[in-house]
Amino acid sequence: MLLSAPAIDIDQPFVNGILGVVAFTLVMTVGVMYATWYERKIVARMQYRLGPTRTGPFGLLQPIADTFKLLTKEDLRPATADFVAFELAVFMIFIPALMVFVAVPFTADWLISPIPLSLLYILAVSGLSFIGFLLAGWGSDSKYALLGGMRAAAQLISYEVPLILALIGAVMVTASVDVYQMILYQDTVPLIVWQPLGFVIFLIASIAEVERPPFDIPTGESEVAGGVFIEYSGIRWSMFQLSSYVNMYAFALLGAFVFLGGWEWPFGTEVGWGLQLLLTVVKMSLFIVFYLWVRASFPRLRPDQLMSYAWKVLIPFSLAQIFFNGFIIVYDLPDIAYLITSGLLTAGLAYSAVFIVRRGEPRKPLQMVPVRATARRPEPAPAAEGAAS
Amino acid sequence: MVAEHERSLEVVDIPINMGPQHPSTHGVFRMVLMVDGEKCVDVIPHIGYMHRGGEKLMEAMDFRQGIGYCDRTEYLAQFSAELAYVMAVERLMDVQVPERAEYIRVILTELNRLSSHFMFMGAFGIDAGVFGTSFTYAFPQREYLQELFEEVSGDRLMYAYFRVGGLAWEVTDNFVQRCHEVLKHTQQGIRDLDELLTKNEIFIARCQGIGVFTAEQAIANGLSGPMLRASGVPWDLRKDEPYSVYDRFNFEVPVGNYGDVYDRYLVRLEEMRQSVSIVEQALEQLPAEGPIVAEKLPRRLRTPPGEVYSKVEAPRGEWGVYLVSKGGDKPYRLKMRSPSFSNLSALREMCLDQFLADAVMILGSMDIVLCCVDR
Amino acid sequence: MIGIMKSMALVMKVALTRKPVTIQYPEVHREIPNRDRAFPILIWDEEHDEPFCTGCHACERACPVECMTVVMKDNPKHAAGESKRRKIIDEFWIDYGRCMRCNICVEVCNFEAIGMNNTWAGHELSRYDRKDLVLDVQMLLSQSKAGKVDPGLRA
């Protein structure tokens, strides 16, 4: 059952859709430009420094200055690059990231297109972006780009699985695949209470999907070069960066809606759109601050450690979660059973981090070899001062 | 048919060039890694980008002019380099350094060890991928130390403060109090870095079991300093062949067990704490007044003919100065035994069969400084 | 997991409770200590209205990088009986691009005529051309003549 009306109410649904998309794209473009601003400011604060301060008050014109700089850069393309793959890669990453927002309800009434299976649509579309990485890696005709592209594709595919499994756990609890219905389900208690494990796995997997540190193998390392984007310059490179931020917004919104209750909790749908929008923004900001916080705190994982973490730790735990959820649904146990099983599994996941580190017996601490003083400072004789010892 | 396909495909090792300009600041060092998939099969280091002919230049400088050049040969542990040089000349000329000068030398050298290890912590965090947080936690502490050194010697990086027979000039009046202030800040900084990195599971996963070097391999390759101690060899020049007044302090020398990158990090972290303890003891024992230069030193320093090798425990290892003099006021031949050069020669053996991402960590854990490698 | 949480807690504590250490140069200049060794300058003798420097070449010989050129002349004020210095400095060039700020010239000077500039003017010396870094005697005396500098270490 659909409660909402589309965002802009003109009679023609097709024109509705187009206007909604255009309006949304413009807002989003400015939004991600300013995402770079507050990322730099917040991460700087975590590091004893100020972010941009000189371009405009509080550095607010910095993203605009960056955009101008990138627009006026020389547009290079390697001579041996595969033309179609090289050009198409940028769009293959940018467009799916934006397409996700078509199905996302910002408030109870603001929705570009009400889709009955919106969660399925969102996950399917956001999973398309790895093709762009492969195209960029192949089309750049550079061995660093190729290796980076392969790694990026492997990472993205690997972390899709725990992401989807965690969300399937949430779907099982709310009995609906529509993000709108899932938000409405959470009118008294947000889903994080019933599925803490799903929340934690979603958090970790979404950092990997967005390719932020500590999972930023494609963009950070790759033989100390730029990775997949090494041959792109100017506006194309900035489109890659912005698509990374758009993805970050997308997953933050998804997490805010599915696990934190979106605009429904705690006030319900009776309040006006202002408060609902504020709640959405606040919950999304919590996720984004968490992403920035994690970026400033952790080293990067090695690619093989990253893969083994996804396949050996996250997937078994999320499968266990689905098994227990099914058990609870079939035997019609009370809701508190969700909390118990999921809480235990979360504790198990936290403990598993120990096993990654400590393979075998615990590490011996450093030996400290003591050195004792064998001489003393000679007392200065009253007649002579500070002479030889 | 599969066999035919396999014969037509050729498998080659890819050379990956980590050129003279690095994102992780170790200086101008070039490393060519031959990579088979993800494993390194060969490492070819190229050095010499910073060679300035230091040893030859110092043959034209007398024993006061050369001290400024020693700073530039090891620009992160300057006082250790200066100390080795003036100790060599003092040993040749048989000069007794007064007590107060010795104590101030030790205090400044240990504070310099702290600032060098802070630099290591910052740069190592960046190698691991922490995006600058460890760097900005370590560098304010280095800044406090550099401000103290500027108050005493006049310069923030190239101190040129030691002289043959003692120090160049007297320290400031509030030296002891300023040292205590600086030590408070550094202890806070050590705690911060400890909390940020040491128990972080991702950091441990990156560092544990990487670049393992046994004690026999370490001795065979001529390593020294924290790299040798992390491999399990309890050799520290301040303990085994004490120079200056190091035989008057109680401290501990950290020795590792496994010889991997994590042990080297832990050894350096612990050494910072021990340096703080040595400085506190030295500040207590410091004579309140006394001469700072040996008495009756001639204006032009002439050494008798002879040769001497003097060594100190620099933050990177054993820094040695081999001085050959034929009389006169300039050395005939001066060789500086630099720890980074010897440590770097073990890079190939350490990096074989390691992942590519680990090669960066291993290079970072060696804590090389290119001015020392190239002189 | 505990280690990761502690790192994150520390980072958030720094973000929320500790102040940034940035100094907004060039609006704010840090205090330089008295002994700071920026670059050498010549000292002006207020009483006799001439430089202290007599051009004795002691600093030129002692300089490790040979960055100074010194020419002396007979002091006209000595002939007129106003000053005790028989010789006075005629030309003096220091190449700041070669100077390594080791303080040896200050130590060997017999007349305390040269000192290290310990103000910000000694540090803010950017030029577009390397030959503009060679300063002659008037430029070297200008800071001391204007009374702006009291060098620290003199011995």
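The following is a working conversation about a predicted model, with attention to chains B and C and their contacts with chain A.

Colleague: To begin with chain B, how many helices and strands are there?
Modeller: Chain B contains 16 helices and nine strands.

Colleague: What is the radius of gyration of chain B, against that of a compact globule?
Modeller: Chain B has a radius of gyration of 22 Å, which agrees with the value near 21 Å expected for a compact globule of 375 residues. Its C-alpha trace spans about 90 × 45 × 35 Å along the principal axes.

Colleague: And what share of the residues of chain B count as buried?
Modeller: The buried share is 65% of the 375 residues of chain B. Of the contacts in chain B with a separation of 6 or more, 71% involve residues 24 or more positions apart.

Colleague: How much surface does chain B expose, and what do carbon and sulfur atoms supply?
Modeller: About 12,900 Å² is exposed by chain B, and carbon and sulfur atoms supply 53% of that area. As for charges, chain B has 39 positive and 54 negative ones, and the mean positions of these two groups are 6 Å apart.

Colleague: Let us turn to chain C. How many helices and strands does it have?
Modeller: Chain C has five helices and seven strands. Read from the N terminus, their order is α-β-β-β-α-β-α-β-α-β-β-α.

Colleague: What is the radius of gyration of chain C, and what would a compact globule have?
Modeller: For 155 residues a compact globule would come to a value near 15 Å, but chain C has 22 Å. The C-alpha trace of chain C spans about 85 × 30 × 30 Å along its principal axes.

Colleague: What fraction of chain C is buried?
Modeller: In chain C, 47% of the 155 residues count as buried. Where contacts in chain C join residues at least 6 apart in sequence, 73% of them are between residues at least 24 apart.

Colleague: What about the surface and charges of chain C?
Modeller: The accessible surface of chain C is about 8,600 Å², with 52% belonging to carbon and sulfur atoms. Chain C carries 22 positive and 22 negative side chains, and the centres of these sets are 9 Å apart.

Colleague: Now the interfaces. How many residues of chain B are in contact with chain A?
Modeller: On the chain B side there are 62 residues in contact, and they meet 46 residues of chain A. The size of an interface is often given as the accessible area lost when the parts come together. Chains B and A bury about 4,800 Å² between them, and 57% of this is on carbon and sulfur atoms.

Colleague: Which three residues of chain B supply more of its buried area against chain A than any other three?
Modeller: They are B:Phe131, B:Ile202 and B:Tyr258, which supply 12% of the area that chain B buries against chain A.

Colleague: And what do chain C and chain A bury between them?
Modeller: Chain C and chain A bury about 1,600 Å² between them, 67% of which is on carbon and sulfur atoms. Here C:Met1, C:Met8 and C:Val11 supply 35% of the area that chain C buries against chain A, more than any other three residues. The contact involves 18 residues of chain C and 16 residues of chain A.

Colleague: I should also like to check the backbone. Which peptide bond in chain C is cis?
Modeller: The bond from C:Tyr25 to C:Pro26 is cis, with omega near 5°. C:Pro26 sits in the loop between helix 1 (2–17) and strand 1 (40–42) of chain C. Most residues other than glycine have a negative phi, and most peptide bonds are trans.

Colleague: What is phi at B:Ala160, then, and where does the residue lie?
Modeller: B:Ala160 has a positive phi of about 50° although it is not a glycine. B:Ala160 is in the loop between helix 6 (133–153) and strand 4 (162–163) of chain B.

Colleague: Is B:Ala160 buried or exposed?
Modeller: B:Ala160 counts as buried because its relative accessibility, 4%, is under 20%.

Colleague: What of C:Glu112?
Modeller: C:Glu112 also is a residue other than glycine with a positive phi, near 50°. C:Glu112 lies in the loop between helix 4 (104–108) and strand 6 (114–116) of chain C. With a relative accessible area of 43%, C:Glu112 is partly exposed.

Colleague: One last residue: where is B:Leu356 found?
Modeller: B:Leu356 belongs to helix 15 (residues 356–366) of chain B, and at 4% relative accessibility it counts as buried. B:Leu356 and B:Gly48 are 308 residues apart in sequence, with their C-alpha atoms 24 Å apart in space.

Notes
Residues numbered from 1 in each chain as written. Chains lettered and ligands numbered in written order. Predicted model: local features only at pLDDT ≥ 70, side-chain atom pairs only at ≥ 80, totals over all residues. Heavy atoms only, no water. Helix = DSSP H or I, 4+ residues; strand = E, 2+ residues; numbered from the N terminus. Rg over C-alpha atoms; globule rule 2.2 N^0.38 Å. Buried < 20%, exposed > 50% of the residue type's maximum accessible area, 1.4 Å probe, protein only. Contact = heavy atoms within 4.5 Å. Areas by Shrake-Rupley, 256 points an atom, 1.4 Å probe, with all protein chains shown as cover. Lys, Arg positive; Asp, Glu negative; His and termini not counted. Charge placed at Lys NZ, Arg CZ, Asp CG, Glu CD. Buried area = accessible area lost by both parts, 1.4 Å probe.
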